[in-house]
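Welcome, and thank you for opening the viewer. Please load the model below, and we will walk through it one selection at a time.

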Amino acid sequence: YLVILAGGLMVSLRWGIVGIAGAMLIARFVEWVLYEGIVRQEFGFTWRQLVSASSCGLGYGIAVALAIAGVGVLGQCVPVVILLGLQITAGAVVLGSLILLRPPSRLVPMVSKVLESLPSLKHHWLLSRWQLVDAK
């Protein structure tokens, strides 16, 4: 990953910030594919399951972005540092609420399988919450 990132950055410098962003995007995609491959081998998931579970985050990301943008629009008269803190708080509250109160249905079985494989989390409250949601 680091070799791809460094090489991509060196090649893309002539295109400025757009080239750098493109190199980082490509390197991040390669890193994602490598990590997903490890998860797939370790837990026996298919690529379809992994992509489906990852796509759940898109809706959550949109909700967080809307919350952050809403705070930005409403807080234009607030000092920048306070506005940043409010935006971070709004994003964290929205994401935390969505994950705890409405876990994505495609992700629940996968997370449950991963958490159950960790001995220290066998009886953790989060695991029991996700299992209850999964059973509904």
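## The whole chain

Begin at the N terminus and follow the chain along: its elements run α-α-α-α-α-α. That comes to six helices and zero strands. Please keep in mind on this tour that the model is predicted.

Now switch on the surface. The chain shows about 9600 Å² of accessible surface, and 73% of that belongs to carbon and sulfur atoms. Buried residues make up 24% of the 136 residues in the chain. If you display contacts between residues at least 6 apart in sequence, 47% of them join residues at least 24 apart.

## Stop one: a charge over a ring

Select Arg-14 and Trp-15. The charged end of Arg-14 sits over the ring of Trp-15, at 4.7 Å from the ring's centre. While you are looking at rings, you may like to know that the structure has two aromatic pairs.

## Stop two: the salt bridge

Side chains of opposite charge can pair when their charged atoms come close. How many salt bridges does the structure hold? There is one, and to see it you can select Arg-28 and Glu-31, whose side chains meet at 2.9 Å, N to O.

Both residues lie in helix 2 (residues 16–43), where they are three residues apart, about one turn of the helix. Colour them by accessibility next. Is Glu-31 buried or exposed? Glu-31 counts as buried because its relative accessibility is 15%, under the 20% cut-off. Arg-28 has a relative accessible area of 42%, so this residue is partly exposed.

## Stop three: helix 3 and a neighbour in space

Move on to helix 3, which covers residues 47–74, and pick out Ser-55. With 35% relative accessibility, Ser-55 counts as partly exposed. Then add Pro-104 to your selection and draw a line between the two C-alpha atoms. Ser-55 and Pro-104 are 49 residues apart in sequence, and their C-alpha atoms are 9.9 Å apart in space.

## Stop four: a nonpolar patch

Which residues form a nonpolar patch on the surface? Select Leu-95, Ile-99, Leu-100 and Leu-101, which together offer about 330 Å² of accessible area. Zoom in on one of them, Leu-100, which has its place in helix 4 (residues 80–101). Leu-100 is partly exposed, because its relative accessible area is 35%, a value that lies between the cut-offs of 20% for buried and 50% for exposed.

Technical notes:
Residues numbered from 1 in each chain as written. Predicted model: local features only at pLDDT ≥ 70, side-chain atom pairs only at ≥ 80, totals over all residues. Heavy atoms only, no water. Helix = DSSP H or I, 4+ residues; strand = E, 2+ residues; numbered from the N terminus. Buried < 20%, exposed > 50% of the residue type's maximum accessible area, 1.4 Å probe, protein only. Patch = residues over 30% accessible without salt bridge, like charges linked within 9 Å, V, L, I, M, F, W, Y side chains within 5 Å. Areas by Shrake-Rupley, 256 points an atom, 1.4 Å probe, with all protein chains shown as cover. Salt bridge = Lys/Arg side-chain N within 4 Å of Asp/Glu carboxyl O. Phe/Tyr/Trp six-rings, centres within 6.5 Å; stacked < 30°, edge-to-face > 60°. Lys NZ or Arg CZ within 6 Å of the ring centre and 35° of its normal. Contact = heavy atoms within 4.5 Å.
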